[in-house]
Amino acid sequence: MTDQTYHLLGVMGWPVMHSLSPMMHDHWFAQTGLPGRYVYLPLPPERLGPALRALPALNFAGCNLTIPHKLKAMEIVDEVDPVARKIGAISCVVVRKDGSLFGTNNDWLGFLGNLREAVPDWRGAAGPATVIGAGGGSRAICHALLSEGAPEVRLVNRTGERAERLAADIGGPVTVLPWEARHAALDGAVTLVNTTSLGMVGQPPLDLTLDALAPEAVVSDIIYTPLETDLILRARARGNRAVGGLGMLLHQGPAAWKLWFGLEPRVTPDLRAKMEDRLGGNG
Ligand code: ATR
């Protein structure tokens with residue numbers, strides 16, 4: 001009998017057919033020579049539990065989770081990584097040898113991998129960071145910045161309450177500032193991150209005056225549609241180094257593979273170009 005090994009992975013979401021993950025992970029199946037396939041798993045919320053429970057029987061190595069499943073899945077899996085619990089969401093499930101499900105969150109590693117690739121000399125510990133927005137993305141990023149030793153995270157959100165809750169959950173030196181203080185909150189920051197949906201295709205741009213930002217500060221946006229937001233373009237035009245959000249998606253991938261298969265595929269320029277093509281509508 002020929003070798004019957006075939007690894008399955010997928011992304012559960014609703015909607016999910018816009019996801020770039022299948023393209024990315026299938027690229028790595030081809031690159032590593034591991035036999036397998038990463039599939040779309042469009043799944044309304046009521047089917048999340050049964051679907052997750054079916055993963056071991058179907059021989060899935062694990063899956064990724066996207067909107068709206070990241071919170072609910074925490075109650076379904078057998079064990080949740082403490083970091084994911086702190087962030088408040090799981091984005092990755094690992095099927096363990098005994099068939100149990102382990103939930104974790106690699107988004108914060110994706111953020112750091114992206115920043116390190118684009119700006120190798122970036123040091124989060126070099127000074128305060130200013131984070132705009134306090135949604136799900138922001139939680140992973142605040143954790144990433146604190147884990148890198150940021151002495152202060154200045155958190156600005158339209159809805160102050162949500163920022164206060166984030167600060168309490170994440171712990172550490174997080175200062176919550178009112179939305180009106182966002183321009184001044186850039187003074188002395190070495191890192192600026194937009195985690196709001198402002199600047200995304202179909203949304204208004206982020207209204208943020210960069211005058212107080214030091215030219216050495218590094219600017220990052222978690223948005224990747226468009227690949228470069230108005231914030232990224234304005235930051236670059238005034239001399240700041242700035243990085244878009246596509247790399248965050250790319251760089252959480254190897255962290256997931258490490259958990260699924262014990263190996264870390266590379267984020268190569270040809271993979272990035274393929275993803276950019278797809279986003280540009282050429283894929
Ligand atoms: P995600 O999980 O992707 O971060 P989210 O939880 O919906 O998405 O968070 C979206 C973020 O964008 C929030 O910080 C939101 O601010 P509120 O908490 O006040 O809602 C922010 N955001 C969205 N539209 C905004 C707008 N027009 N002005 C300011 N902030 C906005």
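The following paragraphs lead from the ligand and its surroundings to several single residues and peptide bonds of this predicted model.

Because the model is predicted, local features are given where pLDDT is at least 70 and side-chain atom pairs where it is 80 or more, while totals for chains, interfaces and linings use all residues. Residues are numbered from 1 along each chain as its sequence is written, and side-chain values rest on heavy atoms, with hydrogens and water left out.

The ligand is a convenient place to begin. It sits in the largest pocket, where a pocket is, on a 1 Å grid over the protein atoms alone, an open set of points where a 1.4 Å probe fits, with protein on both sides within 12 Å along at least five of seven lines, and where sitting in it requires that more than half of the molecule's atoms lie within 2 Å of its grid points. Around the ligand there are 14 residues, of which Ala-134, Asn-157, Arg-158, Thr-159 and Arg-162 come nearest; a residue is counted here if one of its heavy atoms lies within 4 Å of the molecule. This shell divides into nine polar, three nonpolar and two charged residues, with Ala, Val, Leu, Ile, Met, Phe, Trp, Tyr, Cys and Pro taken as nonpolar, Asp, Glu, Lys and Arg as charged, and the others, Gly among them, as polar.

Which side chain has an N or O atom 2.7 Å from an oxygen atom of the ligand? That side chain belongs to Asn-157, while an N or O atom in the side chain of Arg-158 lies 2.9 Å from an oxygen atom of the ligand. Ser-197 takes part through its backbone, an N or O atom of which is 3.5 Å from a ligand oxygen. Of the 640 Å² of accessible area that the ligand has on its own, the protein covers 70%, the areas coming from the Shrake-Rupley method with a 1.4 Å probe.

Two side-chain pairs are joined by polar contacts (pairs of N or O atoms within 3.5 Å; within protein, one must be able to donate a hydrogen and the other to accept it, and residues adjacent in sequence count only if both atoms are side-chain atoms). Ser-100, in the loop between strand S5 (92–95) and strand S6 (101–104), makes such a contact of 2.6 Å with the side chain of Asp-98. Helices (H or I, at least four residues) and strands (E, at least two) are DSSP runs, numbered from the N terminus. Ser-100 is classed as buried because its relative accessible area is 11%, buried meaning under 20%, exposed over 50% and partly exposed in between (1.4 Å probe, protein chains only). Thr-191, in strand S10 (residues 191–194), has a side-chain polar contact of 2.9 Å with Trp-122, and Thr-191 is buried as well, at 1% relative accessibility.

The backbone also deserves attention. The peptide bond from Trp-14 to Pro-15 is cis, with omega near 10 degrees, and Pro-15 lies in the loop between strand S1 (7–13) and helix H1 (21–32). Another cis peptide bond joins Thr-225 and Pro-226, with omega about 10 degrees; Pro-226 is in the loop between strand S11 (218–221) and helix H7 (230–237). Asn-59, a residue other than glycine, has a positive phi near 70 degrees, and Asn-59 is partly exposed, with a relative accessible area of 47%.

Key: On a 1 Å grid over the protein atoms alone, a cavity is a set of points where a 1.4 Å probe fits but cannot get out, and a pocket is an open set with protein on both sides within 12 Å along at least five of seven lines; lining residues have an atom within 4 Å of a point.
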